[in-house]
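Got the viewer open? Here is a short tour, from the whole fold down to a few side chains.

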Amino acid sequence: MEYTLKKGQIVFGIPIGILMLDSMTPFIPGDVGNARSYTYPVRYEVVAEMTVARMLSENLMEDEEALDLVLEAAKKLETQGVRAITSDCGFMMVFQSYLQARLQVPVFLSSLLQLPFILSVIHPDEKIAVLSANGSTLGPVITKYFGQASMDRLIIKGMEEKQHFYDAIVAEKGVLDDERMTAEMLQGVADCMEVCGEIGAVLLECSVMPPYGKAISEHFNLPVFDFNTMIDYMHSAVIKKEFK
């Protein structure tokens, strides 16, 4: 087998590259930002100046400067030989098509990309409970990129309404209480069920939420999709098992 060096490449054997927000949040195991969440190597690249507040802004879809910032960071990952690139924020969906057209590796920036798949496998009368870091700004993003038909089958809960989630993730106070966060995440799903009892699955938009997926799945007996289900799926596509 012949191996070829790419110009500027200094590391090898890392299949998944992850674009990180310029944030100040503790990343516990299970979080996209914690490398222990994976059984394979990942490489991180911070997108300078892309803060949590900027990502959750109502003006995100008009933020043209952000396109260049995200592309620059993604190009660095591509240079280092990653096989596919994701991110640590579901709202990165707004940059998906821009990067997809400018990189030579697969791009899957947002957990929201799983929406069409989830809708295609649950009962047509069921809806998806979507827990988001910001419920008020998520709706327009989904409508723009997935259409109103998809939006009609979603029950969105903005976790910024929960005190500890707001303090730890949105306000970035630097402290995350795992037990309090678990309780708030379970209550978030319960809030969705109060709106609609016909929930067939849960989608966790935010990259800090996967650590709580197991508790949600066991408590409500529902399939839970998040960033890590998507990242593991893509990894299984670019790094295939050998069965011989």
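Contact here means heavy atoms within 4.5 Å. With that in hand, show the whole chain: of the contacts in the protein with a separation of 6 or more, 71% are between residues 24 or more positions apart. Before you click further, note that this is a predicted model, where local features need pLDDT of at least 70, side-chain atom pairs count only at pLDDT 80 or more, and totals for chains, interfaces and linings use all residues. Residues are numbered from 1 along each chain as its sequence is written, and side-chain values use heavy atoms, with hydrogens and water left out.

Switch to cartoon. You should find ten helices and seven strands, which are DSSP runs numbered from the N terminus (helices: H or I, at least four residues; strands: E, at least two). The radius of gyration is 18 Å, close to the 18 Å from the globule rule for 244 residues, so the protein is as compact as a globular protein of that length. That radius is taken over C-alpha atoms, and the rule is 2.2 Å times the number of residues to the power 0.38. Along the principal axes, the C-alpha atoms fill a box of roughly 60 × 45 × 35 Å.

Colour by burial next: 53% of the 244 residues count as buried (under 20% relative accessible area; exposed is over 50%, partly exposed in between; 1.4 Å probe, protein chains only).

Now the aromatics. Rings of Phe, Tyr and Trp (its six-membered ring) pair if their centres lie within 6.5 Å; planes under 30 degrees apart are stacked, over 60 edge-to-face, and the rest tilted. How many aromatic pairs does this rule give? The count is two. Select Tyr38 and Tyr40: their ring centres are 5.6 Å apart with the planes at 40 degrees, so this pair is tilted. Both Tyr38 and Tyr40 are buried.

Then pick Phe117 and Phe225, an edge-to-face pair at 6.3 Å centre to centre, with 75 degrees between the planes. This one links distant parts of the chain: Phe117 sits in helix H4 (residues 115–121) and Phe225 in strand E7 (residues 224–225), 108 residues apart. Phe225 counts as buried, at 15% relative accessibility.

Last stop: Asp167, in helix H7 (residues 163–170). Is Asp167 buried or exposed? It is buried, with a relative accessible area of 16%. Show its surroundings and, leaving aside neighbours within four places in sequence, you will see Asp167 in contact with Glu172 and Lys173.
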